[in-house]
Amino acid sequence: MRSSHSTLLRRSFVCGALITTLSLTGGRSADAAVTKDQCPNVDIALTASNVDEIRGGILCLTNAEREQRALKPLREHAKLRKAALSHSSDMVRRSFFSHTTPSGTSFVDRIVRAGYTQRNDGWSLGENLAWGTGELGTARGVHEAWMHSSGHRANILKPAFRELGIGIRPGVPTDPTVGTTYTTNFGVKL
């Protein structure tokens, strides 16, 4: 499994960014005590007909973590999903794995272009990336890897975030015929 995270906070013209790329291996999280009854479809592999179920699994696992900490649940936002799906597809198609495309487009650029917010508005945005095969490509496998990474975990548990877009595509940046690639975009408009 490979995973990456990024956050960016912007209020008017003040901007700070942290971008980290790291490799993660599998492993079960003690925090991930979510059962299949609570969050169904988190252990299934992606097929052409179950993308919505797997996306729902990511949302369910994310909100279960937030609920355990008395944080407000995230709700899906179509424009964040559009940016996330476009990026997952682009990474698989062009064989790269990064928050910034080979042509220099950042996750903030993608989210603004998708219409979620305007560049000069107040907002806080974050992005988690992952790809995996087999068990590591399932919603639970990706979620657990993110929860073992401080930056990814921070995005999932950031109290200010209110909305989430989840983009899932078959294939991975190193081989479009296997596995699954995930992008989650987090946001709140201030």
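**Close-up 1. Glu65 and its partner Arg69.** Glu65 is a buried residue, with a relative accessibility of just 2%. This is a predicted model, and in it the side chain of Glu65 meets that of Arg69 in a salt bridge, 2.9 Å from N to O. Arg69 counts as partly exposed, at 28% relative accessibility. As a general reminder, side chains of opposite charge can pair when their charged atoms come close.

**Close-up 2. A salt bridge within helix 1.** Here we look at Arg55 and Asp52, whose closest N and O atoms are 3.0 Å apart in a salt bridge. Both residues belong to helix 1 (residues 51–68), where they are three residues apart, or about one turn of the helix. An α-helix has 3.6 residues a turn, so residues three or four places apart point the same way. Arg55 is buried, with a relative accessible area of 10%, whereas Asp52 is exposed, at 53%.

**Close-up 3. Arg81, Glu76 and the wider network.** Arg81 and Glu76 form another salt bridge, with 3.3 Å between the closest N and O atoms. Arg81 is partly exposed, with a relative accessible area of 28%, and Glu76 is also partly exposed, at 31% relative accessibility. If you keep Arg55 and Asp52 in view, you will find that Asp52, Arg55, Glu76 and Arg81 are linked in a network of salt bridges. The structure as a whole holds 10 salt bridges.

**Close-up 4. Helix 2 and the elements it packs against.** Helix 2 runs over residues 78–94, and its end C-alpha atoms are 24 Å apart. That agrees with the 24 Å that its 17 residues should span at 1.5 Å a residue. Buried residues of this helix include Leu80, Ala83, Ala84, His87 and Met91; Ser88, Ser89, Asp90 and Val92 are buried as well. The buried residues of helix 2 pack against helix 3 (107–113) and three strands: strand 4 (123–132), strand 5 (163–172) and strand 6. Just after the helix comes Ser95, which has a positive phi, near 55 degrees.

**Close-up 5. Thr184 and its neighbours.** Our last stop is strand 6 (residues 175–189), which contains Thr184. Thr184 is buried, with a relative accessible area of 1%. Leaving aside residues up to four places away in sequence, Thr184 touches Ile58, Gly126, Glu127, Asn128, Trp146, Leu164, Gly165 and Ile166.

Technical notes: Residues numbered from 1 in each chain as written. Predicted model: local features only at pLDDT ≥ 70, side-chain atom pairs only at ≥ 80, totals over all residues. Heavy atoms only, no water. Helix = DSSP H or I, 4+ residues; strand = E, 2+ residues; numbered from the N terminus. Buried < 20%, exposed > 50% of the residue type's maximum accessible area, 1.4 Å probe, protein only. Contact = heavy atoms within 4.5 Å. Expected span 1.5 Å × (residues − 1). Salt bridge = Lys/Arg side-chain N within 4 Å of Asp/Glu carboxyl O.
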